[in-house]
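Reader: Hi! I'm in my first year, and I'd like a close look at a single part of this structure, explained slowly enough that I can follow it on the screen. Could you pick one sheet and tell me how it is put together and what lies around it?

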Amino acid sequence: MRHETVLVTGGAGFIGSAVVRHLVRKTKATVLNVDKLTYAGHLASLHDIEEHSRHRFTRCDIGDRVSIRKIFSDQRPSAVIHLAAESHVDRSIDGPAPFLQTNLLGTFVLLEEALRYWEGLSSGRKGEFRFLQVSTDEVFGSLSDSGRFTEDSPYRPRSPYSASKAGADHLAKAWFHTYGLPVIVTSSSNNYGPYQYPEKFIPLMILNALEGRPLPVYGNGENVRDWLFVEDHVDALLGVLERGRVGGTYNIGGGCELRNIDVVRRICALIDSYSPSAEIGPREELIRFVADRPGHDYRYAMDTAQIRSEVGWSPRESFETGLSKTVRWYESNRAWCERVQAGAYQRERLGLGR
């Protein structure tokens with residue numbers, strides 16, 4: 001990896017911590033980890049590399065211009081991987097303000113400070129610098145039963161979360177076209193894997209199934225998502241950072257389209273196999289259909305031809321292998337789950353609107 005110092009925002013969150021762990025363990029890069037440590041950001045996700053000599057953690061909000069400017073000037077990164085975001089659709093329905101503050105205004109501050117820093121670099125270091133804006137397939141809206149999102153798909157966000165991410169993407173692209181900041185944008189499908197906060201669909205279902213609690217499935221369970229194992233996403237991001245076109249956009253997907261109800265049934269089958277319980281019985285009997293999420297997008301699917309051809313990336317994990325690893329991890333790391341949920345969230349229903 002050619003980047004010696006990488007600034008990762010949101011590096012104590014789910015995807016961010018996976019990026020930080022990878023960079024520390026598998027490259028020689030120094031990692032500048034910036035995280036506000038909200039309810040979904042935890043240093044417990046970095047316990048084995050937190051004290052590493054190439055891991056430098058700063059607790060701050062990306063909207064804190066003074067702190068962000070100091071990190072750029074003192075630490076002098078050659079790349080930014082921008083992952084800091086409020087990311088849960090249900091929470092955005094209940095309270096959109098933090099999503100606009102972090103995802104939109106925070107990204108604006110980060111872009112402004114990155115541009116200020118970049119403009120002061122020597123020509124050689126200027127050419128090396130990259131700003132990677134990490135986004136989501138949700139900015140494209142909803143698909144019917146056919147078709148896939150491409151990099152040229154129009155933005156049609158339908159939730160406060162996706163609207164805030166769409167706005168951040170537009171800002172990043174504008175800073176490239178207007179000011180020349182070397183920005184690359186990625187949009188990924190739904191991630192899953194170890195260290196994901198239990199409000200998200202797959203860890204929520206795993207933990208509830210392990211404990212014999214109800215498994216709430218929105219609507220009729222027919223909504224379709226393309227599932228991407230988090231380590232595959234990390235590989236894609238670092239590939240784009242190294243080999244992606246400046247000004248380019250890359251879709252990242254796992255090629256694993258499944259209905260929500262089918263995901264839950266697979267989780268139930270795995271847990272029944274790994275942790276059978278006579279007291280709980282077959283986990284599939286815990287499934288409960290509940291009121292749908294307002295504005296619930298029907299289907300997402302990604303065309304990943306561009307990242308495959310230009311960057312040489314493709315996912316390594318099938319949904320079967322990735323889900324098996326994920327279920328096993330949550331079975332073996334119940335202490336982490338209890339620690340990150342303590343007092344803040346007890347897997348209650350969110351997203352019913354205001």
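Author: Happy to! Let's start with a word we'll need: two strands count as paired if DSSP finds at least two bridges between them. Please also keep in mind that this is a predicted model.

Now find the open sheet of 3 strands, which lie in the order β7-β9-β11 with mixed pairing. At its edges stand β7 (190–192) and β11 (257–259); each has a single partner strand, so one side of each is left without a neighbour in the sheet. From one strand to the next, the twist averages 50°.

What makes the pairing mixed? In general, strands of a sheet pair through backbone hydrogen bonds, either parallel or antiparallel. Here you can find both kinds. β7 and β9 run parallel and are joined by 3 bridges; to see a pair in this part, look at asparagine 190, whose bridge partner in β9 is tryptophan 227. On the other side, β9 (residues 224–229) pairs with β11 in the antiparallel sense, also over 3 bridges. There, valine 224 stands opposite arginine 259 of β11.

Let's stay with β9 a little longer. In a regular strand the side chains alternate between the two faces of the sheet. In β9, Val224, Asp226 and Leu228 point one way, while Arg225, Trp227 and Phe229 point the other way, and all are buried. "Buried" here has a cut-off: under 20% relative accessible area. With 6 of its 6 residues buried, β9 is largely enclosed by the rest of the structure.

What lies around the sheet? One piece to look at is helix α9, residues 260–274. Its 15 residues should span 21 Å at 1.5 Å a residue, and the end C-alpha atoms are indeed 21 Å apart, which agrees. The buried residues of α9 are Asn260, Ile261, Val263, Val264, Ile267, Cys268, Leu270 and Ile271. Among the elements covering them are two strands of our sheet, β9 and β11, along with α7 (201–211), β8 (215–218), β12 (287–290) and α11 (319–332).

Another helix to find is α8 (residues 230–243), where leucine 238 has its place. Is leucine 238 buried or exposed? Its relative accessible area is 10%, which is under the 20% limit, so leucine 238 is buried. Leaving aside neighbours within four places in sequence, leucine 238 is in contact with His22, Leu23 and Ile81. Alanine 18 shows how the fold brings distant parts of the chain together: leucine 238 and alanine 18 are 220 residues apart in sequence, but 12 Å apart in space, C-alpha to C-alpha.

Those contacts take us to another part of the chain, and it makes a nice comparison with our sheet. Look at β1 (5–9). Its pairing with β2 is parallel, over 5 bridges, and leucine 7 has leucine 32 of β2 as its bridge partner. To get from β1 to β2, the chain crosses through helix α1 (residues 14–26), and this β-α-β crossover is right-handed. β1 also pairs with β4 in the parallel sense, over 4 bridges, and here valine 6 is matched with alanine 79 of β4.

Like β9, β1 is covered on both faces: Thr5, Leu7 and Thr9 on one side and Val6 and Val8 on the other are all buried. That is 5 of 5 residues, so β1 is largely enclosed by the rest of the structure.

Finally, helix α2 (residues 65–75) has Ile68, Ile71 and Phe72 buried. Seen down the axis of α2, these buried residues fall within an arc of 95°, so they line one face of the helix. An α-helix has 3.6 residues a turn, so residues three or four places apart point the same way. The buried residues of α2 pack against β1, β2 (30–35), β3 (55–59), β4 (79–82) and α4 (97–119). Turned away from that buried side, the other face carries the exposed residues Val66 and Lys70.

Note on methods
Residues numbered from 1 in each chain as written. Predicted model: local features only at pLDDT ≥ 70, side-chain atom pairs only at ≥ 80, totals over all residues. Heavy atoms only, no water. Axes fitted to C-alpha atoms, helices over the stretch in contact; angles between N-to-C directions. Expected span 1.5 Å × (residues − 1). Buried < 20%, exposed > 50% of the residue type's maximum accessible area, 1.4 Å probe, protein only. Contact = heavy atoms within 4.5 Å. Arc of directions from axis to C-beta. Right-handed = clockwise from strand over helix to strand, strands pointing away.
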